[in-house]
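Take the structure one region at a time. Start with the rings, then move to the core, the charges and a few single residues.

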Amino acid sequence: MTTIMERQFVSSSHILSIGYDPSSMTLEVEFKTGAVYQYYDIPQSLYDGLMSADSHGKYLDAYIKKGGYRYSQV
């Protein structure tokens, strides 16, 4: 069973909240559609960049989705 990661609400047109587990390097993104995705093997530096980006959605797309990281919908 997948445990729910603690997420932080963000100001974004498409993303509702973002969480990160440094021990497993797992990024969890909850979209406003209700879909939740986990991205794997994400370095802390990418998470930090995502959280400080002017556009969370653009950063997620450019560096994580297009970066070829494994992911799954939870």
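**A walk through the predicted model**

Tyr59 has a relative accessibility of 16%, so this residue counts as buried. The cut-off for buried is under 20%. Tyr63 is a contrasting case: its relative accessibility is 48%, and it counts as partly exposed. Both tyrosines sit in helix α2, residues 56-65, four residues apart, which puts about one helical turn between them.

This is a predicted model. The mean pLDDT of the chain is 94. Of its residues, 95% reach 70 or more. Confidence is lowest in β1, with a mean of 96, and highest in α1, at 98.

Now the rings. A pair of aromatic rings is described by the distance of the centres and the angle of the planes. The structure holds six aromatic pairs. One of them joins Phe31 and Tyr37. Their centres are 5.9 Å apart, the planes meet at 80°, and the pair is edge-to-face. Phe31 is buried, at 13% relative accessibility. Tyr37 is partly exposed, at 22%. The rings of Tyr59 and Tyr63 make a tilted pair, because their centres are 4.5 Å apart and their planes stand at 35°. That angle falls between the limits, since stacked needs planes under 30 degrees apart and edge-to-face needs over 60. One aromatic cluster takes in Phe31, Tyr37, Tyr39 and Tyr71.

Next, the core. In soluble globular proteins, nonpolar side chains tend to be buried together. Here the largest nonpolar core has 16 residues. Which residues have the most contacts inside it? They are Leu27, Tyr39, Leu60 and Ile64. The elements that give two or more residues to this core are β2 (15-21), β3 (26-31), α1 (44-52) and α2. Tyr39 thus has a place in two descriptions, because it belongs to the aromatic cluster and is listed among the core residues with the most contacts.

Leu60 deserves a look of its own. Leaving out residues up to four places away in sequence, Leu60 touches Ile15, Leu27, Val29, Phe31, Tyr39, Leu50 and Lys65. Among these are Leu27 and Tyr39, two residues that also have the most contacts inside the core. Phe31, another residue that Leu60 touches, is part of the aromatic cluster.

Turn to the charges. Side chains of opposite charge can pair when their charged atoms come close. A search of the whole structure finds four salt bridges. Arg7 pairs with Glu30, with the closest N and O atoms 3.0 Å apart. Arg7 lies in strand β1 and Glu30 in strand β3, so this salt bridge ties together parts that are 23 residues apart in sequence. Arg7 is partly exposed, with a relative accessible area of 24%. Glu30 is buried, at 16%.

Arg70 and Asp41 form another salt bridge, at 3.5 Å from N to O. Arg70 lies in the loop between α2 and β5 (71-73), and Asp41 in the loop between β4 (36-39) and α1, so the pair ties together parts that are 29 residues apart in sequence. Arg70 is exposed, at 53% relative accessible area. Asp41 is partly exposed, at 42%.

Lys66 and Asp61 also pair, with their closest N and O atoms 3.2 Å apart. Lys66 is exposed, with a relative accessible area of 64%. Asp61 is partly exposed, at 31%. Salt bridges that share partners join Arg7, Glu28 and Glu30 into one network.

Glu28 leads on to Gln38. The side chains of Glu28 and Gln38 make a polar contact at 2.6 Å. Gln38 lies in strand β4. Is Gln38 buried or exposed? At 8% relative accessibility, Gln38 counts as buried. Its side chain makes another polar contact, at 3.4 Å, with the side chain of Tyr40.

Finish at Ser12. This residue lies in the loop between β1 (7-9) and β2. Ser12 counts as buried, at 15% relative accessibility. What does Ser12 contact, leaving aside its neighbours within four places in sequence? The contacts are Lys32, His56 and Gly57. Ser12 and Gly57 are 45 residues apart in sequence, yet their C-alpha atoms are 7.1 Å apart in space.

Technical notes
Residues are numbered from 1 along each chain as its sequence is written. Side-chain values use heavy atoms; hydrogens and water are left out. Rings of Phe, Tyr and Trp (its six-membered ring) pair if their centres lie within 6.5 Å; planes under 30 degrees apart count as stacked, over 60 as edge-to-face and the rest as tilted. Buried means under 20% relative accessible area, exposed over 50%, partly exposed in between (1.4 Å probe, protein chains only). A nonpolar core is a set of buried Ala, Val, Leu, Ile, Met, Phe, Trp, Tyr and Cys residues joined through side-chain atoms within 4.5 Å. Contact means heavy atoms within 4.5 Å. pLDDT is the predictor's confidence in each residue, from 0 to 100. A salt bridge is a side-chain nitrogen of Lys or Arg within 4 Å of a carboxyl oxygen of Asp or Glu. A polar contact is a pair of N or O atoms within 3.5 Å; within protein, one must be able to donate a hydrogen and the other to accept it, and residues adjacent in sequence count only if both atoms are side-chain atoms.
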